[in-house]
Amino acid sequence: MGQSRRDFIKKAGAGIGLFTILPREVMGKMGGDNKFVAPSDQMTRGIIGVGGIGMSKHHFASDERCRLVAVCDVDQKHLDRALKAGQERFGTKLQAYHDWRDLVYDPNVDIVHIATPSHWHGLMAIESARSGKDIFCEKPMTRTIGEGQKVVKAVHDYGRIFRLDTWFRFKDTFYGLGTTVEPLKKLVSSGLLGWPLTVRISGATGFAWKFYWTGRENLIPQPIPAELDYDMWLGPAPYKPYHPHRVHQTFRGYWDYESGGLGDMGQHYIDPVQYILGKDDTFPVKVEVDAPQQHPDAVGIWRSITYTYEDGCKIILEGEGFESKGKVPYIEGPKGKVYKGFECTIPNIMDKLAELPDPEPRQVDFLDCVKNRQHFALDEIIGHHSCTVVNMGSCALRLGRTLHFDPATQKFIGDDAANLLINQPMRAPWASMI
Amino acid sequence: MKKIISIILTLSLAVLAYGQDARQRTVDTIVADVLAQMPAKDAATFSTNMADIAASAPKSVEILAGMLEPASKGANNLIEYALTGVVNYVSDPAHSAAKEAVLKGLATAVAACKDNTNKAYLGTLQRMLGPVPAVAEEAAPTLKEAKQWMKSGTTNMMSKGAYALMKAQPGKIAKTVVSALKSGNREYANAVLGYADELVGAPAIASAVSKAFGKLGAAKVDVVNWIGRNKLSSLQGLVDSSLGDSGELGKAAVLAACKLGGEKNLANLLSLIEKKSPLAESACQALLSYNGDVRKGVADALARTADPKLLALAGARRLTGSSARVFDLVNNATTHDAAIAALAGVTTPSDAAKVVGLLDKAADKDVAPLQHALTGALHTLSAAERFNKLNDFLYDVRKPERLFPAVAQTGTDEAVATLTKAFADGNKSALASLLAIDNAKVVPELLKIARNDASLADQIVPRYASLVDKYEQNPDKKRAAFAQALSLAKDAKIKNSVLKTLGSLPTMKSFLLAGKYLDDKATAYQAANSVKQIASKTTEEIDYATLKNYLQKAASILGATGDADDGYAVDEIKKMIAEAEPSPISQLTAEEKKQGFEMLFDGTDMSKWQGDLEGYIPVNGTIYVSANYGSTGNLYTKKEYRNFVYRFEFCFLRPGVNNGVGIRTPMGVDAAYDAMCEVQILDHDAPMYKNLREYQVHGSVYGVVPAKRIVHKPLGEWSTEEIRVEGDHIKVTVNGQVIVDTNIRKACKGHNVAPDGSSKNPYTVDGKNHPGMFNKKGYISFCGHGEGLKIRNVRILDLGDKK
């Protein structure tokens, strides 16, 4: 992957359409304006995975801009519940699939919404791209760095539109920070804080790492419930005997499927930081961890994870219970600091920022992007970059050592074991699909 | 499991040997030492341990793998930590010397392993030390295939074909792009444009695209977008001409102009606004993100043209130099609203009087923006300066209430006083500003208003609760204020907002408070969330039965919504319940049973008690005393007793705990005087009691008989106490040591009150009257004096009238 690809992405990241200064309720909606939509302009969507997030009211939705037409799940109970909800809420008989490939190949589906555990995301996104579908993918984008690279390539080669579903880089006050990302972006780009910057993502700056997503060791195998196709649930992941804690709402606690609170929240928290720091086209060059030894199967807790970029910028994640004490800045530079709620050590900062242009407009309506073939404000490239930051962290946690990363080759430097974690083996038949 | 435990137990002593040179220990010992340290708590522990295992590989690896029980038993975690640990350790290039030995150990182990799951696990470990497999690159299609795909009519295949063709034949890129743009398939056209950018860069195809531009239909929009995102100033001409279009193309051109930047585009965009073009709104938006400084251009345009959009830009960019012009445009009907809105951005303190003048005369619809303008004009001053300025204005204007929001915004103590007074004087509109003020001093004022006028309660309560949350530091006072807020609120929505804030107060008592709202349908959902949040964050003990009861209720409430986040919450709750430990139940000893003792408090059951059941709460087998200082906070037995042996255990959680046992007491009196006596419970070792009188130390018959002074056990440790009361005789034993053994009638020579009827009694140690001293019967009580005491295992042997 040469430099030109990344440059292209950087340039293509913003497109025509809505401006970032529009009121937030206008942005990023799946639909909802009142104008009549001709059936030919109407898009259709299918959801793979209707357990947790796929059933949430934002996603299990259908309107005249985009109709929900199909759902897929390997748990018959989930599927039955979704069909019933489709009937009750939209008066529609949804097409139900057990095998996600059938949904992806369904010619009535325009957009594939991937809402499964993350060990499936890469495969499903790639196969969707090959099948000419546009893709709406839940975070974290992929479980490995290698899968992310392949998703980027597939979306690119087949000319698809991809959206990663986190949004704090363009709307909402993100978590405890009490501000949208835009004034932070403006402040950082202005250079008023100096350079390089350190960003602290911690309970002390308003972020929770959800350490309850830890796994359990010594799981004693349990009978597989009749409604669950466990082999299909595992898919590419290594076969391990069934235990209810592995699947559904607690799957994040196992390295085979995700990486605990880091995987759950990491991309939500780190993606806006990559935007703020202007790092959407690169990666940190070093990741250091301070953590108890990790179990090979069950994800544990950690004290801190520190990323360093080539220019000296840092992102420091502080684990729950290991936060810095006292008043801690969210962003700190040699010339100033900014705290929760956009409290800044630079006097009259708002007046100074008022003199500067707002950030470049970005395309934040996914359906418009699909219609006009424009890159979404958080597309596969940007998503892959921020997800790789998360995944670098989990590689370093699992190995328990500092890792060095080469942004150009997207490989760890001089560490075979770490590079093995970039492309992890998949079970047949899935290995041949990626 | 047994195997590991026994090794760890037998060798826990061997940990002492830890740190010795690994070579002096047998491999078995090394393995056992390491297992005792698994999982390593930090990197240093990890390295030392793994270095030992690695140095003794392959044997150590074989031993470890040999310890693996069948995976289905679920007993291998420590071995897994050790094996994965050593594999990770030697996979580090710095420690690769031992890699072959570890691999050898793994190979032997795999061959010997009978359990499939374990075998798979060991295989994973072998792979971790193997070579990195080359990632198979997808074979590029042949040119023939690529061309076939391009003709397939399926857009995604056409895209892939076009990419392959352009990559193989860079000379054909421009032609391919132009043909894609002309194809009428915008999805395809955009994909191909993107590929061209990547393969040769946008400038290389700029002239070909430019030549074809006139013949393109809808794809013109894509081209203009492409010009913008690549900042192709060489194609500025196409942008200029497209600005003449009033539809999609025009909008794309506006955006491209915004990204290209420069004087010319700025002039073009401003002119769209000044000419009131259909693209004026887009141009206005674009100028906010314009690639360059727009301030001078906007100011000049505003000076020439009276236009609402230019006013909006002037406000957003804080063009203070244009403030005179903006004030002028207030008087122009077409720009009036926009000018008023822009004042907030363009005014400075010297304009404040002018803004106040406008505000005083303003029509209702202009009031809010002018109030905003006033705040904007003053924002560079300090709070005190702002208040002083506003205070002066207050006397000059006809409608002072219009200045209240700005007054509140100063957040000063004077602002609280001014607004409180205004409200009290009947200016009801001051309330909104009182609710906006951010100052701890407003909290009691808000409470007063809400109590006096119930109709305002719902309006006030959310703000009251959020200010309490922000300013009150004492968790119990905070909890009490939330309880107050909850009782004042009428609307369920308001109650829920308070419950939400309560959720961030992680104390045992806030848990109990939130739990009370689980049963009301209107508050159940928020209460469930708060209960969960408190339980997950608190470090205080919560009684197991209550914890489980409330959490189970919360889980069923959250589980019923079907929402994803709620589902996660339910799982979290289940984990908390599983990890909580049931309350221990105290039991009478065999001997006590034989003697006829009765259990008064076994750890959970408060049914034999009455009085302050809010202050004395069963927590995990103990009565946790949280009665407030100075309150009546007493707990009484339900039965009255004459002669008895009373036994209990107590424990201090913080220094200086003060309580007492009331003997033969009536209800609701001060046991030290109106009961037979109060036997003191006191952490007299705390520094704050260094001047204590001897009749106040722990165990003393308060004011009458000093106890022998004991040294208390450390905080958190339990002591036993027995109080034996027979007739006038009282005997107190703490931790087996008798500290009081006396006849109190004799101690005061029969004069529990002064013989002369005065309030000074020369016969008692404290010189006070003790009128209840000769009570024949009464309740037994705990006399609360603040938090921090735990009591458990309370038993009594009722001796009735027996002497």
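**Exercise 1. Which residues are buried in H11(B)?**

Some ground rules to begin with: this is a predicted model, where local features need pLDDT of at least 70, side-chain atom pairs count only at pLDDT 80 or more, and totals for chains, interfaces and linings use all residues. Residues are numbered from 1 along each chain as its sequence is written, while chains are lettered from A and ligands numbered from 1 in the order in which they are written.

*Step 1.* Fix the terms. Helices (H or I, at least four residues) and strands (E, at least two) are DSSP runs, numbered from the N terminus. Buried is a label for a residue with 20 or more other C-beta atoms within 10 Å of its own, the C-beta atoms being placed from the backbone.

*Step 2.* Go along the helix. The buried residues are B:Glu187, B:Tyr188, B:Ala189, B:Asn190, B:Ala191, B:Val192, B:Leu193, B:Gly194, B:Tyr195, B:Ala196, B:Asp197 and B:Glu198. That's twelve of the 15 residues, so H11(B) is mostly covered.

*Step 3.* Look just past the end: B:Gly201 follows H11(B) and has a positive phi, near 90°.

**Exercise 2. Work out what chain B brings to its contact with chain A.**

*Step 1.* Count residues in contact (C-beta atoms, placed from the backbone, within 7 Å). Chain B puts in 66 residues and chain A 55 residues.

*Step 2.* Find the top contributor on the chain B side: H11 (residues 186-200), with nine residues.

*Step 3.* Sort that side by type: 23 nonpolar, 24 polar and 19 charged. Here Ala, Val, Leu, Ile, Met, Phe, Trp, Tyr, Cys and Pro count as nonpolar, Asp, Glu, Lys and Arg as charged, and the others, Gly among them, as polar.

**Exercise 3. Trace the open sheet of chain A and find its edges.**

*Step 1.* Write the order of the six strands: S3-S2-S1-S4-S5-S6, with parallel pairing. Two strands pair if DSSP finds at least two bridges between them.

*Step 2.* Spot the edges. S3 (95-97) and S6 (162-165) of chain A each have a single partner strand, so one side of each lacks a neighbour in the sheet.

*Step 3.* Zoom in on one pair. S2 (residues 66-72) of chain A joins S3(A) over three bridges, and A:Ala70 sits opposite A:Gln95 in S3(A).

*Step 4.* Add the helix. H2 (residues 76-90) of chain A packs on the sheet, touching S2 and S3 of chain A, and its direction makes about 160° with that of S2(A). Such angles run from 0 to 180 degrees between N-to-C directions, using axes fitted to C-alpha atoms, for helices over the stretch in contact.

Key
Two residues are in contact if their C-beta atoms, placed from the backbone, lie within 7 Å.
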